[in-house]
Amino acid sequence: MEEIALDWLFYIVATLAVIILGLSKGGFAGIGMISTPMLALVVGPVSAAGFIFPILIIQDAVAVWMYKREWNRQIVSIMVPGAAIGVWLAYELASTVPEWIVQISLGVISLVFASSQLLLSLKKTQEIGRPPVKALGLLSGMGAGFTSMIAHAGTPPFQLYVVPQKLSRDAYIGTSVIFFALLNLMKLPAFALLGQLSPHHLMAAFIFAPVAVASSWLGVQLVRRVDVVRFNMIITIILIGVSVTLIGQGMLGR
């Protein structure tokens with residue numbers, strides 16, 4: 001991280017971000033989208049993504065172990081090649097543009113996702129047609145790779161292809177866990193080249209590792225006990241506010 005002042009505000013926001021990420025990995029799919037934008041309000045988008053990345057790797061290991069028995073191999077095999085292309089495209093963008101553009105991009109991606117989730121949740125019913133064609137899986141994988149590299153926000157493109165497949169709850173969560181674990185491994189060289197795996201980032205990941213593991217386990221336990229729809233609605237509304245703030249900060253920072 002760029003010499004971040006690790007004051008009380010950072011620790012509070014970072015702890016909340018890690019807990020939300022853990023709950024997402026544990027089964028509350030999609031809510032982890034808020035973690036990077038929320039932290040970016042405090043330390044900037046590039047440093048936020050760099051801090052979150054090692055935490056994701058730790059939480060991926062826990063989540064894969066918990067959901068390794070039930071996931072759709074065909075979906076993952078279709079989406080992973082596209083994801084690799086998306087990661088490369090996002091690396092090219094992040095390595096050549098100013099940080100304020102990355103900040104606005106993060107805000108826009110987050111706002112689009114939050115708005116679409118809010119609209120879907122407000123519908124009384126949601127019609128699901130036939131499973132989409134494999135070409136959409138490749139494109140969705142590409143979109144997931146791109147948005148995940150920029151903002152750790154690959155859920156919307158992932159859902160576009162996977163939700164119509166009518167998977168069971170555990171199969172959907174397991175497929176999401178495996179796909180994003182592989183995607184994060186593909187992001188590793190890009191983050192290293194961008195200088196986002198510095199000793200500062202790794203030390204921060206070490207400090208927050210217990211919270212990362214505990215929150216992932218907690219997500220698995222809570223996903224069967226709480227109203228996931230209502231919980232996701234609250235997170236989505238918060239994300240809309242965070243997204244608008246990020247866009248505003250990025251425009252002021254031009």
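Helices here are DSSP runs of H or I, at least four residues in length, and they are numbered from the N terminus. In this predicted model, one such helix, α8, gives the largest share of the lining of the largest cavity, with six residues.

A word on the cavity itself. Rolling a probe the size of a water molecule over the atoms shows where empty space is left. The count comes to one cavity of 30 Å³ or more, and about 270 Å³ of space lies in the largest cavity. Of the 20 residues that line this cavity, S24, K25, H152, T155 and F180 are the closest to its centre. Two elements, α1 (8-26) and α8 (169-193), each give two or more residues to the lining. As for chemistry, the lining residues of the largest cavity split into ten polar, eight nonpolar and two charged.

Then there is A48, which sits in helix α3, a stretch that covers residues 45-67. A48 has a relative accessible area of 0%, and the cut-off for buried is under 20%, so A48 counts as buried. Who keeps A48 company? With its neighbours within four places in sequence set aside, A48 is in contact with T36, L39, A40 and V43. Sequence and space can also be set side by side for A48 and Q196: along the chain they are 148 residues apart, while from C-alpha to C-alpha the gap between A48 and Q196 comes to 9.6 Å.

Notes. Residues numbered from 1 in each chain as written. Predicted model: local features only at pLDDT ≥ 70, side-chain atom pairs only at ≥ 80, totals over all residues. Heavy atoms only, no water. Buried < 20%, exposed > 50% of the residue type's maximum accessible area, 1.4 Å probe, protein only. Contact = heavy atoms within 4.5 Å. 1 Å grid on protein atoms, 1.4 Å probe; cavity = no way out; pocket = protein on both sides within 12 Å on 5 of 7 lines; lining within 4 Å. Points joined across faces, edges and corners; volume = space filled by probe spheres on them. Nonpolar A, V, L, I, M, F, W, Y, C, P; charged D, E, K, R; others polar.
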